[in-house]
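Got your viewer open? Here is a tour you can click through, one stop at a time.

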Amino acid sequence: MAQLPSFAVSDDATPLPVTEQYFLELCSRFLDKKSMKILSSLSLEPPREVVSTGSAFVDKWYNQERCLRLALAQIRAERMKKNLGTVPVAFPPDIVQAARTATGMDSPLSAEQFLNEYRVRLVDNIAPSDSFSCDAVFMYGLKLKLATRMKKFNKEAGKAAYRMLYDEILGESK
């Protein structure tokens, strides 16, 4: 971990100091097979069903992210007067507040930026105490995935895609 370059998880144009591919290749030289399997399967989208990954840190992250996604879905479904089906009755209050804030934003880009910053705080809040553990490597991997995702957002491309989708929908309804 000490040899990995630091970076800020933001949507600015600054390139990341490492790619996910390079990070995985580097880790493959130092991690055991079990840890590499966990790292290789690390995702920003948790499995729908709760399944142990073998890492308490990754399990905690997946649980938090799953709750956030379900809270977002529940709020969106309520606004559209749709039935989401069975979801856990209670979410942590901070996750509900983050979901409400994000769904209340006018701009999808602003909502995604807000949610990304919230996710980074979630990762930091569950950070392992041992910065030389495998969990610290998994944390770095998650932050790298979050940063890579945010770097892909482009305001102009988003507007163009929105206009195209909007025109397509209007064209089909005529």
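Which residues does Arg 69 touch, leaving aside those up to four places away in sequence? Select Arg 69 and look around: you should find Leu 44, Glu 45 and Pro 46 in contact with Arg 69. Keep in mind as you click that this is a predicted model.

**Stop 1: around Arg 69**

Arg 69 sits in helix α3, which covers residues 56–79. Is Arg 69 buried, exposed or partly exposed? Its relative accessibility is 33%, so Arg 69 counts as partly exposed. Now add Pro 46 to your selection and draw a distance between the two C-alpha atoms: you should get 9.3 Å, for residues that are 23 apart in sequence.

**Stop 2: Glu 65, in the same helix**

Stay with helix α3 and pick Glu 65, which lies there too. How much relative accessible area does Glu 65 have? The value is 0%, so Glu 65 is buried. Show its neighbours, skipping residues up to four places away in sequence, and you'll see that Glu 65 touches Leu 44, Pro 46 and Arg 119. You have met two of those names before: Leu 44 and Pro 46 are also among the residues that Arg 69 touches.

**Stop 3: Cys 67**

Cys 67 is your next click. With a relative accessible area of 14%, Cys 67 is buried.

**Stop 4: Lys 81, in a loop**

Move on to Lys 81, in the loop between α3 and α4, where α4 covers residues 93–103. Is Lys 81 buried or exposed? Its relative accessibility is 76%, so Lys 81 counts as exposed. Check the backbone here as well: Lys 81 has a positive phi of about 55°, although it is not a glycine. Why stop for that? Because most residues other than glycine have a negative phi.

**Stop 5: Thr 103, in α4**

Select Thr 103, which you'll find in helix α4. At 15% relative accessibility, Thr 103 counts as buried. Which residues does Thr 103 touch, again not counting those up to four places away in sequence? Light up Leu 72, Ile 75, Arg 76 and Arg 79, and you have the set.

**Stop 6: a cluster of rings**

Time for some aromatic side chains. How many aromatic pairs are there? The count is 2. For one of them, show Phe 7 and Tyr 140: their ring centres are 5.3 Å apart and their planes meet at 85°, so this pair is edge-to-face. Phe 7 lies in the segment before α1 (20–28), while Tyr 140 belongs to helix α6 (residues 134–151), so the pair ties together parts that are 133 residues apart in sequence.

Now add Phe 23 to the view. Phe 23 and Tyr 140 form a tilted pair, with 5.1 Å from centre to centre and 35° between the planes. This pair links distant parts of the chain as well: Phe 23 is in helix α1 and Tyr 140 in helix α6, 117 residues apart. Are Phe 23 and Tyr 140 buried or exposed? Both are buried, and for Tyr 140 the relative accessibility is 8%. Keep all of these rings on screen and you can see the cluster that ring pairs make of Phe 7, Phe 23 and Tyr 140.

**Stop 7: looking for disulfides**

How many disulfides does the model have? The count comes to 0. To see one case for yourself, pick Cys 134. Its closest cysteine sulfur is in Cys 27, 9.1 Å away, so the two are too far apart for a bond. Cys 134 has 30% relative accessibility and therefore counts as partly exposed.

**Stop 8: zoom out**

Clear your selection and switch to a cartoon view. How many helices and strands does the protein chain have? There are 7 helices and 0 strands, so from the N terminus on you can simply read α-α-α-α-α-α-α. Turn the model around: along its principal axes, the C-alpha trace spans about 60 × 40 × 25 Å. Of the 174 residues, 34% count as buried.

Try a surface view next. The accessible surface comes to about 11300 Å², and 55% of it belongs to carbon and sulfur atoms. If you colour by charge, there are 24 positive and 21 negative charges, and their mean positions are 2 Å apart. One last number to take along: among contacts between residues at least 6 apart in sequence, 59% join residues at least 24 apart.

Technical notes: Residues numbered from 1 in each chain as written. Predicted model: local features only at pLDDT ≥ 70, side-chain atom pairs only at ≥ 80, totals over all residues. Heavy atoms only, no water. Phe/Tyr/Trp six-rings, centres within 6.5 Å; stacked < 30°, edge-to-face > 60°. Helix = DSSP H or I, 4+ residues; strand = E, 2+ residues; numbered from the N terminus. Buried < 20%, exposed > 50% of the residue type's maximum accessible area, 1.4 Å probe, protein only. Disulfide = S-S within 2.5 Å. Contact = heavy atoms within 4.5 Å. Areas by Shrake-Rupley, 256 points an atom, 1.4 Å probe, with all protein chains shown as cover. Lys, Arg positive; Asp, Glu negative; His and termini not counted. Charge placed at Lys NZ, Arg CZ, Asp CG, Glu CD.
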